[in-house]
Amino acid sequence: MNTEWTADAGADAIGRVLVVGAGTMGRQIALQCALYGLDVDLYDTAPDALAAAHNEINILAASFARHGRLSPAEATAAAARVAPTSDLPAAAARADLVSESVPEDPALKGRVFAQLNELCPPHTVFTTNSSTLLPSMFAAATGRPARFAALHFHLPPWDANVVDIMAHSDTAPAVVELLVAFARRIGQIPIVTQRESSGYVFNAMLSALNGAALKLAAEGIADVTDIDRAWMGIMKTPIGPFGIMDMIGLETIWTITDFWANALGDRGLRANADFVRGYLDRGRHGRKNGHGFYDYPHPAFAADDFLEG
């Protein structure tokens with residue numbers, strides 16, 4: 001759709017989405033959009049990431065059909081609407097909305113958006129799925145700050161269907177309206193922040209929990225399993241903070257923690273980052289590679305007797 005959008009056009013103005021970054025979050029955002037009838041280009045520079053994303057999207061779609069959430073035909077059609085690609089110029093040229101999910105580095109995000117600004121049509125709206133970075137950190141680098149805001153999803157978006165919408169000082173009000181309508185169109189509950197704040201809403205609360213859990217472990221106060229047992233036993237949840245961090249991915253946890261440790265000069269955050277780095281250095285990246293704080297596909301916290309110790 002290479003036409004100018006208006007606020008009145010709403011989410012119907014978005015016909016094709018470009019998701020940049022084919023990691024866990026990017027591929028799930030791509031599938032969520034496809035489930036609601038949108039065509040999606042899923043871009044990554046790494047062929048292995050694209051192959052893994054294509055495989056996982058087909059597995060997830062088949063799982064939806066197997067559990068009765070979609071018919072087999074609907075599942076096949078949704079998966080087919082996601083086109084993994086390494087051809088950024090072609091994908092950018094047809095994008096109405098960009099959803100960026102590259103690592104949590106504002107300089108990197110700025111470079112990616114600067115490149116996209118050269119390739120995308122003037123009408124394309126840019127969004128970042130950053131977990132904790134503020135849009136204003138790299139808004140100028142996008143080349144179109146009025147058409148840029150955060151649109152932050154949660155895992156998995158078909159169940160944890162809340163999306164944060166965070167504007168910066170130069171975001172056009174019509175863009176916020178458009179993103180609210182778009183979020184609803186793809187089955188999400190839009191939460192619009194009143195001003196910029198690291199971590200948005202849910203992630204601000206989750207980051208506090210994860211940071212406290214890491215601090216307890218990094219300082220040797222309790223081990224990973226006992227920290228999770230404490231949370232799960234009292235809050236009656238099926239997973240604790242370290243299991244959650246495995247789901248997020250330990251590279252992401254480390255990148256965020258390391259960034260803020262450097263930015264704030266915080267010794268506690270530095271100790272937390274170093275603690276996570278130790279797992280990464282041993283090849284333990286989280287659920288996606290089968291080894292994080294726990295081993296998968298049968299993590300200890302899922303055992304019936306986990307809370308008994």
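## Ground rules

Two strands count as paired if DSSP finds at least two bridges between them. Strands themselves are DSSP runs of E, at least two residues long, and helices are runs of H or I, at least four, with numbering from the N terminus.

This is a predicted model, where local features need pLDDT of at least 70 and side-chain atom pairs count only at pLDDT 80 or more, while totals for chains, interfaces and linings use all residues. Residues are numbered from 1 along each chain as its sequence is written, and side-chain values use heavy atoms, with hydrogens and water left out.

## Strand β5 and its partners

Take β5, residues 125-128. On one side it has β4 (residues 97-100), running parallel and joined to β5 by 4 bridges; here Glu100 sits opposite Thr128. Helix α5 (residues 106-119) completes a right-handed β-α-β unit with β4 and β5 (right-handed: with the strands pointing away from the viewer, the path from the first strand over the helix to the second runs clockwise).

β5 also pairs in parallel with β6 (residues 148-152), over 3 bridges, and Thr127 has Ala149 as its bridge partner there. Both faces of β5 are covered: Val125 and Thr127 are buried on one side, Phe126 and Thr128 on the other (buried: under 20% relative accessible area, 1.4 Å probe, protein chains only).

## Two cores

A nonpolar core is a set of buried Ala, Val, Leu, Ile, Met, Phe, Trp, Tyr and Cys residues joined through side-chain atoms within 4.5 Å. The largest has 42 residues, and Cys33 and Phe182 are among those with the most contacts inside it. Elements giving at least two residues each include β6 and α6 (173-185). A second, separate core has 23 residues, including Leu209 and Ile244.

Note on methods:
Buried means under 20% relative accessible area, exposed over 50%, partly exposed in between (1.4 Å probe, protein chains only).
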